[in-house]
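Visitor: Got a few minutes to walk me through this one? I'll jump around a bit.
Guide: Go ahead, here it is.

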Amino acid sequence: MSEPSPKRRISFWTGAALGLGALILAWGIAALAIHFVAERRWTAMKADWQSLLEEVRRRGQSRPPLRGDPLEGNAWEDYAVALAEVRSLYDLESQAAPRFLKEEPQSNRKLVEHVLAKHPSLIESVRRAALRSQVNLSLDWKEGALTLPSRHGSATVAPLAVCRSRFLAEEGRYADAAQLLVETCRFAADVDHVENLELPFDDLRELLRGGHLKGEDLTRLDRELELLDQEYPRRGHRAALELVALGAQFLKTGHSITVQLVGLRADPEDALWRYGFSAHLMKAEAFATIAGAVKQLQDADERPWTESRDLLKRLSAELAAHPNPIIQTAPEEVLASDVLHRGHRAQLRLLRVAAHYQATGEVLDLGDPLGGKLVRYLANDTLKVWSIGPEGLDHGGVGSFHFDPEVKDIVLEVRR
């Protein structure tokens, strides 16, 4: 009987080579799987971004003009003219109107008059846009990125228009002054920079308090303010615009992971290992997560202020704790509080109540964007109306018309 043949032993080097081959095979399979998942999610992100882009482009569309017969065309074509004209101003010229209105009226008046005379299209464009039958935001690509209306542009145009309105009022042309102020309000709302509503609102208040508008002029103002209230912008729309811009940056930079986060206090490359070193996977997760937060904020726009405020706090805390550094540093514009939107809308509704009272003698019963109903107190021919302000407490009409997150009540008082 023959001896059994001895088992062949695998040499150390052969085993090592087989082990290494298995590891390489496993790594290759894992890399392919990560690539497949990443590209599937990247494709889904691009589709979601395109849908969101079309959604924000559809905002507005047809609407009635502020007064008279509508002009055919898109108001954004007029705004584009004004915003482009702003870029031709020197710094001193662009700051002339804000300084005239807030700091040094007499020393800056001549410069303001010079800018208005030299650049009449700034005001003409705003006035023409208010009569357009369409208002569709033109979201264009420039050098591979999405361009949104600049804060600098609207912050330059609105004060210049308010200055022009004041000059009209000085000439006794109060109705013309009021019309330009309302047109300026529509401009600030259309470009979704509600912070630029404060100045025209304040001047409208002065016209009403001074009793400068009578009869049909008051009736017209009452109607126009109601229209502005109906089309007033929401925080959720601005958040969607900022999310579209963020997604555009993602698409522009592709597999690069650092460009869109410069200055945002986090280095995304340190966390790439969590995503198999796939920038597409990290960005797709970030877009989907932030989009979910934006959707919740949009839904909260019509809910009470306290609910919206608490939701924002919760979302901000959740995103700040997320392991994805892009999500941690979501731009503040995306997760912005709606306190400014609600506070300025409260001012608008106070103006509505005041104008309607002076025009008709009736006191409107309107909701307070910051909670409950606007509070009204009528004594003889004097009406005092106020919002409880962002604090959410009624201080009995103690406060001012100026809106500040720290203010008590937002108050307006007029006589008839």
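**Strands, core and odd loops**

Guide: Let's start with one pair: Q61 stands opposite V135 in β3. Keep in mind that this is a predicted model.

Visitor: Which strand pairs with β3 there, and which way do the two run?
Guide: Strand β1, residues 61–62, is joined to β3, residues 132–135, by two bridges. The two run antiparallel.

Visitor: And how does β2 run against β3, parallel or antiparallel?
Guide: Parallel. Two bridges join β2, residues 71–74, to β3. In one of them, L71 has R132 of β3 as its partner.

Visitor: New topic. How many residues are in the largest nonpolar core?
Guide: The count is 113. L204 and L208 have the most contacts inside that core.

Visitor: Which helix gives the most to it?
Guide: Helix α12, residues 279–300, with eleven residues.

Visitor: Back to L204. What is it in contact with, leaving aside neighbours within four places in sequence?
Guide: A178, L181, V182 and C185, for a start. L221, L225 and L351 also touch L204.

Visitor: What's the strand order in the open sheet of four strands?
Guide: The order is β6-β7-β9-β8, and the pairing is mixed. The edge strands are β6 (375–379) and β8 (399–400), each paired on one side only.

Visitor: How many bridges join β7 to β9?
Guide: Six. Strand β7 covers residues 382–387, β9 covers 409–415, and they run antiparallel. Within that pair, L383 stands opposite V414 of β9.

Visitor: Which helix packs on the sheet?
Guide: Helix α15, residues 339–360. It touches β6, β7 and β9, and its direction makes about 15 degrees with that of β9.

Visitor: Let's switch to helix pairs. At what angle do α7 and α8 cross?
Guide: Roughly 170 degrees, with their axes coming within 8 Å. Angles over 145 degrees count as roughly antiparallel, so α7 is roughly antiparallel to α8.

Visitor: Which residues make that contact?
Guide: From α7, they include V157, A158, A161 and V162, along with R164 and L168. From α8, they include Y174, D176, L180, L181 and F187.

Visitor: What about E183, where does it lie?
Guide: E183 is in helix α8.

Visitor: Buried or exposed?
Guide: Buried, because E183 has 3% relative accessibility and the cut-off is under 20%.

Visitor: What does its side chain make a polar contact with?
Guide: The side chain of R67, at 2.6 Å. Beyond four places in sequence, E183 is in contact with L66, R67, V126, R127 and A130.

Visitor: Now the backbone. What's notable about phi of D192?
Guide: D192 has a positive phi of about 65 degrees, although it is not a glycine. Most residues other than glycine have a negative phi.

Visitor: Where is D192?
Guide: In the loop between α8 (174–190) and α9 (198–209). D192 counts as buried, because its relative accessibility is 3%.

Visitor: And F277, what's its phi?
Guide: Near 60 degrees, a positive value in a residue other than glycine. F277 sits in the loop between α11 (235–253) and α12.

Visitor: Is F277 buried or exposed?
Guide: Exposed, because F277 has 64% relative accessibility and the cut-off for exposed is over 50%.

Visitor: Give me the two loop residues side by side.
Guide: D192 is buried at 3%, whereas F277 is exposed at 64%. Phi is positive in D192, and phi is positive in F277.

How values were computed:
Residues are numbered from 1 along each chain as its sequence is written. This is a predicted model: local features need pLDDT of at least 70, side-chain atom pairs count only at pLDDT 80 or more; totals for chains, interfaces and linings use all residues. Side-chain values use heavy atoms; hydrogens and water are left out. A nonpolar core is a set of buried Ala, Val, Leu, Ile, Met, Phe, Trp, Tyr and Cys residues joined through side-chain atoms within 4.5 Å. Buried means under 20% relative accessible area, exposed over 50%, partly exposed in between (1.4 Å probe, protein chains only). Contact means heavy atoms within 4.5 Å. Two strands pair if DSSP finds at least two bridges between them. Axes are lines fitted to C-alpha atoms, for helices over the stretch in contact, and angles run from 0 to 180 degrees between N-to-C directions. A polar contact is a pair of N or O atoms within 3.5 Å; within protein, one must be able to donate a hydrogen and the other to accept it, and residues adjacent in sequence count only if both atoms are side-chain atoms. Angles under 35 degrees count as roughly parallel, over 145 as roughly antiparallel, 65 to 115 as roughly perpendicular and the rest as oblique.
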